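Q: I'm new to this one and would like a close look at a single part rather than a quick tour. Please start with whatever surrounds the ligand, and then follow the thread outwards from there.

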Amino acid sequence: MDRPDATEIGVAAIRAALASMREPDGSPSLNVDEIADVVLEGGWAAVVIGREEPPKELLARAHAHLAGAFPEVDFEVRAGRRVFRGGRGFGEGRHVVAVIGGKGGVGKSTLSVNLALTLSAMGVSVGIIDGDLSAPDLPHLLGLHPKETPRDFGWQIMSRKVKPLSERARPHKRFDVEVMSVGFLVPERMAPVLAGRELASTLLSYLVYDVVWQADILVIDAPPGSGDELHAIAEELPLSGAIFVTTPQDLAQMDAERTLALLNEHHVPVIGWVQNMAELNCPHCAKRIDLFGSSSRLSEAGLAVLGRIPFDVRLSTAADQGRPLVLGDPTGPIAFEFAKIGSAVRQWLSERQN
Ligand code: ADP
């Protein structure tokens with residue numbers, strides 16, 4: 001069905017609808033001068049509320065109110081750094097899943113890339129965001145080396161001017177998966193202005209909301225640790241759920257426990273955890289060798305094990321060649337394990353309401 005043009009409804013009608021929104025006591029929810037901007041294009045409209053720290057719930061109510069008044073238009077409601085488009089994720093039925101590891105080097109990027117490709121092979125439309133500001137190497141793992149990065153990205157992000165969809169950035173595409181990275185955003189231009197938590201939340205909200213994704217599921221390779229950057233992600237991004245990846249080492253799991261507490265604090269549900277590099281199959285005698293002592297902290301915390309990825313040197317050589325292992329050996333045991341993880345994630349998301 002063709003969508004009617006939102007421009008025909010007009011800015012004035014949308015402003016009037018917003019101004020008619022009421023609190024339970026009958027007072028207006030918004031002053032007319034708080035409606036800072038309305039941008040219309042095709043069957044789509046963005047509305048900007050001029051408040052810096054609005055409750056999430058206000059955005060959701062404004063969205064429901066507008067959707068009720070103009071059911072044929074897709075609305076995006078913005079205020080400060082918050083955006084709401086309906087649903088639990090970054091739109092109705094569109095999910096953001098964060099891949100998190102307490103420590104760096106536990107296999108977050110490896111899991112993110114191979115999981116995204118596995119979900120894509122299962123017919124899900126997937127995008128992947130490299131959110132690891134300290135080491136944005138995910139494009140490299142996918143063999144993606146964009147020649148050109150728009151030069152004014154830094155300015156666009158800082159200006160916070162709301163653009164119509166047709167003027168927003170498009171993701172790169174590789175192996176049928178959409179890809180964006182903080183590394184594409186020339187962060188050095190912003191470094192003097194923003195750092196830590198603010199840099200992470202500005203860049204990542206930009207990547208989720210100001211890029212025109214076709215994908216229904218965005219996998220974010222999250223920053224390591226449980227510091228400010230992760231707080232920003234947990235608090236400000238529309239995370240449907242998180243996947244932990246750690247080695248079975250007690251120390252790694254202790255770090256993961258701290259991160260788990262952070263997610264609980266921000267009410268981000270955890271889909272489960274993936275044990276990485278737990279074991280090695282000896283190439284000489286085919287015996288299993290345990291590489292770490294085995295810790296059960298995360299299982300005791302009630303997290304489901306989604307899968308176990310053994311140490312396999314092909315995972316790192318495949319990464320260096322820019323062709324992840326699930327593509328290089330799609331019928332092998334590691335691809336099989338990823339298929340198990342992918343099915344569990346898809347199932348978990350489908351059981352959540354939109
Ligand atoms: P993180 O994103 O947590 O920093 P990476 O995914 O970059 O971790 O992994 C760290 C290093 O370990 C990389 O060189 C990667 O290729 C390698 N690696 C990760 N998982 C495995 C595995 N199961 N077997 C062999 N090498 C692995």
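A: Here is a walk from the ligand outwards, with a few side stops along the way.

Before anything else, keep in mind that this is a predicted model, in which local features need pLDDT of at least 70 and side-chain atom pairs count only at pLDDT 80 or more, while totals for chains, interfaces and linings use all residues. Residue numbers start from 1 along each chain, as its sequence is written.

For a bit of background, the protein has 13 helices and 13 strands. These are DSSP runs numbered from the N terminus: H or I over at least four residues for a helix, E over at least two for a strand. Of the 354 residues, 41% are buried. A buried residue has 20 or more other C-beta atoms within 10 Å of its own, an exposed one has 12 or fewer, and a partly exposed one falls in between, with C-beta atoms placed from the backbone.

Now to the ligand. The shell around the ligand holds 17 residues, and the closest are Gly107, Lys108, Ser109, Thr110 and Ser316. To be in that shell, a residue needs its C-beta atom, placed from the backbone, within 6 Å of the molecule. As for chemistry, eight of the shell residues are polar, seven nonpolar and two charged. In that count, Asp, Glu, Lys and Arg are charged; Ala, Val, Leu, Ile, Met, Phe, Trp, Tyr, Cys and Pro are nonpolar; and the others, Gly among them, are polar.

Which elements supply at least two residues each to the shell? They are α4 (108-121), β11 (270-281), β13 (305-311) and α11 (313-320). The largest share, four residues, belongs to α11.

Let's stay with α4 for a moment. This helix has 14 residues and spans 20 Å from its first C-alpha to its last, close to the expected 20 Å. That expected span is 1.5 Å times one less than the number of residues. Is α4 enclosed or open? Since 13 of its 14 residues are buried, α4 is largely enclosed by the rest of the structure. Just past the helix, Gly123 has a positive phi of about 95°.

A good way to see what surrounds α4 is to look at Val219. Leaving out neighbours within four places in sequence, Val219 is in contact with Val97, Val99, Ser112, Leu115, Ala116, Val126 and Ile128. Contact here means that two C-beta atoms, placed from the backbone, lie within 7 Å.

Val219 also takes us into the largest nonpolar core. That core has 90 residues, and Val47, Ala98, Leu218, Val219, Ile243 and Phe244 touch the most other members. Helix α7 (residues 196-209) gives the core its largest share, eight residues. Both domain 1 (6-84) and domain 2 (95-351) put at least three residues into it. A core of this kind is a set of buried Ala, Val, Leu, Ile, Met, Phe, Trp, Tyr and Cys residues joined through C-beta atoms within 7 Å, and the domain bounds come from an automatic or database domain assignment. In soluble globular proteins, nonpolar side chains tend to be buried together.

Links between distant parts of the sequence show up in the contacts too. Among contacts with a separation of 6 or more, 78% join residues 24 or more positions apart. Take Leu349, in helix α13 (residues 333-351). Its C-alpha is 8.2 Å from that of Gly241, although the two are 108 residues apart in sequence. Leu349 is buried, because it has 21 C-beta neighbours inside 10 Å. Setting aside residues up to four places away, Leu349 touches His95, Ile217 and Ser240.

One last stop is the loop between β7 (172-174) and β8 (177-181), where Phe175 sits. Phe175 has a positive phi of about 50° without being a glycine. In that loop you'll also find Asp176, another non-glycine with a positive phi, near 70°. Phe175 counts as partly exposed because it has 18 C-beta neighbours inside 10 Å, whereas Asp176, with 11, counts as exposed.
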